[in-house]
Amino acid sequence: VRIRPITTQDNLPTRFQRQVLTTSAPNQVVVQADKKQVFSYDYVFGPESTQQDVYDKAIVKLVDNFLEGYNVTILAYGQTSSGKTHTMGTADSHSIPPESKGIIPRAMQTLFSSMNSAHYKSRKFSLKVSFIEIYNEDLIDLLGESFGDSRPQVTIREDTKGNIIWNGLQEMRVNSVDEVMGFLARGSANRQVGATDMNAQSSRSHAIFSVTMIQQKYVGTSATQAPARPGTPSKMLEPKFGLRPQSSMNNLRQSRRFDEGELVTVTSKFHFVDLAGSERLKRSAAVGDRAKEGISINSGLLALGNVISALGDPNKAKHTTHIPYRDSKLTRLLQDSLGGNAQTLMIACASPAEYNLNETVNTLKYANRARNIKNIATVNQEEAGWHDIEHLQNMVLKLRSEIKSLKS
């Protein structure tokens, strides 16, 4: 949970400016209202917390897990104008000072530094990014080339293993932090933003910025002793799925004993989810299209809340077998991240002002419930060349000759 400070821009009625949230050790939030309520979390960041504090304590280890091949998701959740976009760093630009940078630019800096370090020099990496928004229940590719009002159609599919696949989404290959941030800025400029009485720069859509990493590494008894391969660690490898590995790789494999470790391909995804804030039409004074946007935002968040309840409420978990992922596109996109194959962190952003008491308590309750959700995260890896017939035929011939020599 992250509690934002009250600022002069909040435009709060004088009699509701009292702060009703306080933090207490260890990692507890106390609501000082008509009745005192205490909530416990894995991390609590008070109004005085910095972007660096949040990143160092809660995020940096997730970047390490991503490098090891786990899917990772970070969700920013909370009412409108509670600091989600600021915390995530989705609207990053050169005008933002370094100390105010959010999670995305900091994570990308750590990621590329680690990839180019000596620890990962025996691996080859390929990175792609995509940026999607859910606006009025429509999926829009923020990086897709559009002609006039037409945008590429994005659809949600599920493969035979139950993994969620986003069809029609444009993925951009990247080789540096600057390239990633360039695509983030380009997508953010296309994102739906509007002014309401509660926020002059209110996000009117849910946005998901995704980084897909494909790496090739050796695993097995002698994997750590794999000979150095051509090229520098910083050079990206374009994976060739369904094709025979490069000749240098074939030579290397043939020069190694079969049981000394295998070359595997590891694919992992990092989703940065910046949700639009829940809002009351009475408070945001939204009319016309703004009101329709608010209704759509709230319906998506309601579906998300229902999924969190079904997964995280101990009482419901005993009796509920159906998880309502299909109730909205937001929950369908996040199906892997909620109760699936991912390490997921929810950052609940809250306002300490008495004026926002009801929304804040609801946010704290949902975040408290989300702690009970159990994800089973596994590394997504497979042996290189597994889908290549010629490669497999050569391996069969090699194994036959080994068996023959062993018998003799």
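These legends go with a set of close-up views of a predicted model.

**View 1. The largest nonpolar core gathers 45 residues.**
Start here to get your bearings. Among the residues of this core, V1, V29, Y41, L275, L304, L338 and L364 have the most contacts inside it. Plenty of elements chip in with two or more residues: strand 3 (28-32), strand 5 (72-77), strand 6 (124-135), strand 9 (164-167), helix 7 (289-312), helix 9 (329-333), strand 15 (343-350) and helix 10 (357-370). Helix 7 gives the most, with 7 residues. There is also a second, separate core of 43 residues, and V72, M181, F272 and L345 are included in it.

**View 2. L275 and its neighbours are the subject of this close-up.**
L275 is one of the residues with the most contacts inside the largest core. Who does L275 touch, once neighbours within four places in sequence are left aside? The list is L75, A76, Y77, K84, H206, L301, L304 and L330. One of these, L304, is also among the residues with the most contacts inside the largest core.

**View 3. H206 is tucked away as a buried residue in strand 13.**
Strand 13 covers residues 206-219, and H206 is part of that strand. Is H206 buried or exposed? Its relative accessibility is 3%, so H206 counts as buried. Not counting residues up to four places away in sequence, H206 touches I132, E133, I134, R191, D274, L275, A276, I297, G300, L301 and L330. Look at A276 in particular: its backbone nitrogen sits 3.0 Å from a polar atom of the H206 side chain.

**View 4. Strand 5 is covered on both faces.**
How many residues of strand 5 are buried? The count is 6 of 6. On one side you find V72, I74 and A76, and on the other T73, L75 and Y77. Now for the partners of strand 5. Strand 14 (residues 262-274) runs parallel to strand 5, and 5 bridges join the two. Strand 15 runs parallel to strand 5 as well, with 6 bridges between them. L75 is a handy residue to follow here: V273 is its bridge partner in strand 14, while M346 stands opposite L75 in strand 15. What holds such strands together? Strands of a sheet pair through backbone hydrogen bonds, either parallel or antiparallel.

**View 5. Three strands make an open sheet in the order 2-3-4.**
Here the pairing is antiparallel. Strand 2 (21-24) and strand 4 (36-40) are the edge strands, each pairing on one side only. From one strand to the next, the twist averages 25°. Zoom in on strand 3 and strand 4 and you can pick out 5 bridges joining this antiparallel pair. V30 stands opposite V38, which belongs to strand 4. Helix 10 lies across strand 2, strand 3 and strand 4, and runs at about 35° to strand 4.

**View 6. R371 and D42 join distant parts of the chain through a salt bridge.**
The structure holds 8 salt bridges, and this one has its N and O atoms 3.4 Å apart. How far apart in sequence are the two residues? They are separated by 329 residues. R371 sits in the loop between helix 10 and strand 16 (381-383), and D42 in the loop between strand 4 and helix 1 (51-67). R371 has a relative accessibility of 38%, so R371 counts as partly exposed. D42, at 49%, counts as partly exposed too.

**View 7. E68 and R123 form another salt bridge.**
Their side chains meet with an N to O distance of 3.7 Å. E68 lies in the loop between helix 1 and strand 5, and R123 in the loop between helix 3 (103-115) and strand 6, so the pair ties together parts that are 55 residues apart in sequence. E68 is partly exposed, at 29% relative accessible area. R123, at 12%, is buried.

**View 8. K101 and D92 form a salt bridge between buried residues.**
The closest N and O atoms of K101 and D92 are 3.2 Å apart. Both residues are buried. Elsewhere, E158, R326 and R332 are joined into one network by salt bridges that share partners.

Notes
Residues are numbered from 1 along each chain as its sequence is written. This is a predicted model: local features need pLDDT of at least 70, side-chain atom pairs count only at pLDDT 80 or more; totals for chains, interfaces and linings use all residues. Side-chain values use heavy atoms; hydrogens and water are left out. A nonpolar core is a set of buried Ala, Val, Leu, Ile, Met, Phe, Trp, Tyr and Cys residues joined through side-chain atoms within 4.5 Å. Buried means under 20% relative accessible area, exposed over 50%, partly exposed in between (1.4 Å probe, protein chains only). Helices (H or I, at least four residues) and strands (E, at least two) are DSSP runs, numbered from the N terminus. Contact means heavy atoms within 4.5 Å. A polar contact is a pair of N or O atoms within 3.5 Å; within protein, one must be able to donate a hydrogen and the other to accept it, and residues adjacent in sequence count only if both atoms are side-chain atoms. Two strands pair if DSSP finds at least two bridges between them. Axes are lines fitted to C-alpha atoms, for helices over the stretch in contact, and angles run from 0 to 180 degrees between N-to-C directions. A salt bridge is a side-chain nitrogen of Lys or Arg within 4 Å of a carboxyl oxygen of Asp or Glu.
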